[in-house]
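Here are some exercises to work through with the model open on your screen. Try each task yourself, then follow the solution step by step.

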Amino acid sequence: MNPYFITANDFDAFVTKMSKDKKVIGPKAKKQKFVFGEIKSADHLRLDYDVTILPPKKVFTPTCQTLVTFDGDKFEGNVDNDGVILFGVHFYDIRGIDITDLLFRENNRDVNYLAKREASTIVGSNIQNVSKRSFWGSIGTSDSGPKGHDAFLTKMDGGYVLECLTQKGEDLVKFGNWSKASAAQVSEAEKINKDVMDKCSQKLSHSSSEIAEKVRNSFDNQELWSNLAEDCFSCGSCNTVCPTCYCFDVQDKWNLNQVSGMRNRYWDSCLTEDFAKVSLGAGSEENFRETRGERFRHRIMRKATYLNEKLGTPACVGCGRCSAACTADIADPVNVINKIMEV
Amino acid sequence: MTATDYSQVAPQGNIFLPKECKIVNVKQVTELERHFTLKHADGSKVKFEPGQIMEVSLFGFGEIPIGYASSPTRENTFDIVIRTVGRVSGAVNKLNEGDSLFIRGPLGHGFPLEDLRKKDVLIVAGGIGLCPTRSLIQYITDKRSEFKRFILFYGTKDPSQQMFLDDIAKWKKANDVEYHETVDRGDSNWKGNVGVITELFKKTELSADTRVVICGPPIMFRFVVAECEKVGIKYENIYLDLERRMKCGVGKCGHCQINDKYACIDGPVFRYSDLKKLEEAL
């Protein structure tokens, strides 16, 4: 696969032509913030975003996704295999998608996620502005770089370099006036992406493996977890904005006729009080994670230790969205983990 | 034993599509519980391992995780018991013979039959825990010569909570089933044991090489495991059938996590020696 170059002047025409041919989802402005949304022309696209409110997971796991439709006792699946071009994704969000790819693929393969994901094209882009709460620079190692994307775009003086990694990435070149990139342009792109890694103002104090071990060994420190979670509202905002949170609830909805309807999955949050609760009948129930401390601990364990072996990286990508979304400002993994490392 | 990969057997490979079943027989067994006998609507044989679960559903109401309550040795039909607890179970418990309901399964890991064969087996069932263990009880009684001693402890809150009364009558009479029962509170007709289920350990001598299967309310596990320890039974020979909110049943939705394990795909049956490493298990 080849690296390509396009001038800044030709770039807008490329985006506009691409978005006329296929559905393109990319970063757009929303008031003072940014969101992933449909890009219909180049002037919508804001590749200078720092971070989006929600990660692009919403493209492949919508907040409400119909799994089955039914009419009386007849039913059918509702698999969405319409691919999109997910454009302008920062490397930490590519890593988030790579993680959910693995988790939806392993054991019982979930076509409700994978059909759309595998039909889609993902184009990364370099980070032009660094968000205040991000700490991706201190997570993982260089050999755990992003995977699963089809091409990566880097802005530089005078234009953009597009590094194509798959045929799906290569197929985008036809939409614009791309020429072969020079060796100097390619090494300039590499430098830009390397240099940005030092730009986060927040940093984890230890390596991922040191953190994984210490956090796991802190499981039984009840005082630590109840102190960390003391101000938690159990609202689940940290889960909602997390690129690697994908837990869901499944609920049936009737249509007005009370005969047909749908079985939907909705985003769910392990920080909410009812998440692990079961009813046992006759008015009794059991909540397997009853306290805020237990739920807070589960989230940190899940992000910092439980999945590391399987993923080769922590299940936290350092985007800092949870830090910004937390009402009580207690979710910030940098504060939480650095504090645990000092205990 | 490997967990069933439902994507390999699900309709169209879609793990959220169920199979239709027909109700062959239904009995009210306690005030809250009904016992259903079901067959696959397409007439196919029923294949699963004792201890595995399924997601039972009714469209418009939702899905609930339920254990198989009969043995796969009886391959034309299977049993489930539904306790009226909420929206789905309430709706299922209004169904009658000939009605359809829907299942996704079998799911998860069942009881380790290969580890139980040629061994003494003790099953400790508390309350509704008798339902999933009945899949193993029937399996053992159907293939009795494959196992050594078979001891069954059954405890309920009171006599009215006892289920499978026909089975109990048979187990009491059988020479090759050592059946012991207790209730937390008796009534005027009750002449049997009164007390918690651990009292039944006094009724019989167990060998240290016994394989133990435990299923019941979460509070029960610790106490029963402590009794097993007294007899010298090793942790790896104790199996626990755990209850969790197994919402999707296929290891995706996250609700049934026990530390880094999923009750629905890594369990619901676990070896106690494996659970010792999981602080959230008991």
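Two strands count as paired if DSSP finds at least two bridges between them. Keep in mind that this model is predicted.

**Exercise 1. Which strands stand at the edges of the open sheet of 6 strands in chain B?**

Step 1. Begin with a pair: strand 3 of chain B, residues 53–58, runs antiparallel to strand 4 of chain B, and 6 bridges link them. With the cut-off of at least two bridges, strand 3 and strand 4 of chain B are paired.

Step 2. For a residue-level view, find Val56(B), which lies opposite Ile64(B) of strand 4.

Step 3. Now read the whole order, 4-3-6-1-2-5 in chain B, with antiparallel pairing. The edges are strand 4 (62–67) and strand 5 (78–83) of chain B, each of which pairs on one side only. From one strand to the next, the twist averages 40 degrees.

**Exercise 2. Why is one side of strand 3 and of strand 10 of chain A left without a neighbour in the sheet?**

Step 1. Write down the order of this open sheet in chain A: its 8 strands run 3-2-6-7-8-9-1-10, and the pairing is mixed.

Step 2. Strand 3 (33–38) and strand 10 (179–180) of chain A are edge strands with a single partner strand each, so one side of each has no neighbour in the sheet.

Step 3. Check the partner of strand 10: strand 1 of chain A (residues 3–7) pairs with strand 10 of chain A in the antiparallel sense over 2 bridges. Within this pair, Tyr4(A) has Lys180(A) as its bridge partner.

Step 4. Add the helices. Helix 1 of chain A (residues 8–21) packs on the sheet and touches several strands, including strand 1 and strand 2 (24–30) of chain A; its direction makes about 110 degrees with that of strand 1 of chain A. Helix 6 of chain A (residues 183–195) also packs on the sheet, touching strands 1, 8, 9 and 10 of chain A, and its direction makes about 90 degrees with that of strand 8 of chain A.

**Exercise 3. How many residues of chain A are in contact with chain B, and how many salt bridges does the rule find across the interface?**

Step 1. Count the contacts: 48 residues of chain A meet 43 residues of chain B.

Step 2. Turn to area. The two chains, A and B, bury about 3900 Å² between them, with 54% of it on carbon and sulfur atoms.

Step 3. List the links. Between chain A and chain B the rule finds 5 salt bridges, and one of them joins Asp249(A) to Arg245(B), with the closest N and O atoms 3.7 Å apart. That distance falls within the 4 Å cut-off. The rule also finds 29 residue pairs in polar contact across this interface.

Step 4. Sort the side of chain A that touches chain B: 21 of its residues are nonpolar, 8 polar and 19 charged.

**Exercise 4. Where do the cis peptide bonds at Pro106(B) and Pro268(B) lie?**

Step 1. Gly105(B) and Pro106(B) are joined by a cis peptide bond with omega about 0 degrees. Pro106(B) belongs to strand 6 (residues 100–107) of chain B.

Step 2. The bond from Gly267(B) to Pro268(B) is also cis, with omega near 10 degrees. Pro268(B) sits in the loop between helix 7 (263–266) and strand 15 (269–271) of chain B.

How values were computed:
Residues are numbered from 1 along each chain as its sequence is written. Chains are lettered from A and ligands numbered from 1 in the order in which they are written. This is a predicted model: local features need pLDDT of at least 70, side-chain atom pairs count only at pLDDT 80 or more; totals for chains, interfaces and linings use all residues. Side-chain values use heavy atoms; hydrogens and water are left out. Contact means heavy atoms within 4.5 Å. Buried area is the accessible area (1.4 Å probe) that two parts lose on being put together, summed over both. A salt bridge is a side-chain nitrogen of Lys or Arg within 4 Å of a carboxyl oxygen of Asp or Glu. A polar contact is a pair of N or O atoms within 3.5 Å; within protein, one must be able to donate a hydrogen and the other to accept it, and residues adjacent in sequence count only if both atoms are side-chain atoms. Ala, Val, Leu, Ile, Met, Phe, Trp, Tyr, Cys and Pro count as nonpolar, Asp, Glu, Lys and Arg as charged, and the others, Gly among them, as polar. Helices (H or I, at least four residues) and strands (E, at least two) are DSSP runs, numbered from the N terminus. Axes are lines fitted to C-alpha atoms, for helices over the stretch in contact, and angles run from 0 to 180 degrees between N-to-C directions.
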